[in-house]
Amino acid sequence: MSTKTLIAGLLGGIVFFLLGFLIWGFLMKDTMTNCSGCMRPEEEMNIALGIVSNLLYGIFLAWVLSKFPGVNSFSSGLQNGALFMLLLALALDLGLYVYSTMFTSITCVLIDIVINVVMGGVVGGVIGWWLGRK
């Protein structure tokens, strides 16, 4: 992995964390609390591990997008990041819905997928922008 890809991944991880904090922590907090059968209480959450998780998501997405031909702008990163997250969220969320109590309804699954696609698109855009820099 090149230094450029690693930096893109770290930037992506930071954006994942900030978007997650805004979307999951504020905008969708009540909705998703009602959608999950296994949410940890906020006071028991380990934010440091959450940061590590988001950084790893960013690095993973940057590594994947660096392999896609033509991801060298915000626009191309947004499109490919959204597509990648759509496929990933569909696979993970549908499996979690079928085999666990993670989601209480298919509506909750769809909400989670849409939010992940939006976040993946924005993060992919940042990654694509960084990868396209000279």
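Which residues in α1 meet which residues in α3? That seems a good place to start with this predicted model, and the points below work outwards from there.

1. **Where α1 meets α3.** From α1 (residues 3-27), the residues involved are T5, L6, A8, G9, L10, G12, G13, I14, F16 and F17. Their partners in α3 (residues 47-67) are I47, I51, N54, L55, Y57, G58, I59, L61, A62, W63 and S66. Sorted by class, this contact has 14 nonpolar and seven polar residues, with no charged ones.

2. **Geometry of that pair.** The axes of α1 and α3 are 7 Å apart, and the angle between the helices is about 135°. That angle makes α1 oblique to α3. As for handedness, α1 and α3 cross in the right-handed sense.

3. **T5, a residue to look at in α1.** You will find T5 in helix α1, and its relative accessibility of 7% means that it counts as buried, the cut-off being under 20%. Setting aside neighbours within four places in sequence, T5 is in contact with A62, W63, S66 and L131. Of these, A62, W63 and S66 also appear on the α3 side of the contact with α1, while L131 is one of the α5 residues that contact α3.

4. **α3 against α5.** Helix α5 spans residues 106-132, and its axis comes within 10 Å of the α3 axis, with a crossing of roughly 60°. The two helices are therefore oblique to each other, and their crossing is right-handed. On the α3 side the contact is made by G58, L61, A62, L65 and S66, and on the α5 side by G120, V123, G124, I127 and L131. This contact has six nonpolar residues and four polar ones, and again none that is charged.

5. **α3 against α4.** Here the partner is helix α4 (residues 74-99), with the axes of α3 and α4 coming within 11 Å and crossing at roughly 115°. This crossing, too, is right-handed. Y57, F60, L61, V64 and L65 of α3 meet G77, N80, G81, F84 and L88 of α4. By class the contact has seven nonpolar, three polar and no charged residues.

6. **L65, shared between contacts.** Is L65 buried or exposed? Its relative accessibility is 0%, so L65 counts as buried. This α3 residue takes part in the contact with α5 and in the contact with α4. Not counting residues up to four places away in sequence, L65 touches V71, G77, N80, G81, G124, I127 and L131. For L65 and G81, the C-alpha atoms are 7.3 Å apart in space, with the two positions 16 residues apart in sequence numbering.

7. **Aromatic rings.** The structure holds six aromatic pairs. One of them joins F21 and F26 in an edge-to-face arrangement, at 5.2 Å centre to centre and with 85° between the planes. F21 counts as partly exposed because its relative accessibility is 48%, whereas F26, with a relative accessible area of 55%, is exposed. Ring pairs also bring in F17, so that F17, F21 and F26 are linked into a cluster. F17 is worth a second look, as it is also among the α1 residues that meet α3.

Conventions. Residues numbered from 1 in each chain as written. Predicted model: local features only at pLDDT ≥ 70, side-chain atom pairs only at ≥ 80, totals over all residues. Heavy atoms only, no water. Axes fitted to C-alpha atoms, helices over the stretch in contact; angles between N-to-C directions. Helix = DSSP H or I, 4+ residues; strand = E, 2+ residues; numbered from the N terminus. Parallel < 35°, antiparallel > 145°, perpendicular 65-115°, else oblique. Left-handed = near helix turned anticlockwise from the far one by under 90°. Contact = heavy atoms within 4.5 Å. Nonpolar A, V, L, I, M, F, W, Y, C, P; charged D, E, K, R; others polar. Phe/Tyr/Trp six-rings, centres within 6.5 Å; stacked < 30°, edge-to-face > 60°. Buried < 20%, exposed > 50% of the residue type's maximum accessible area, 1.4 Å probe, protein only.
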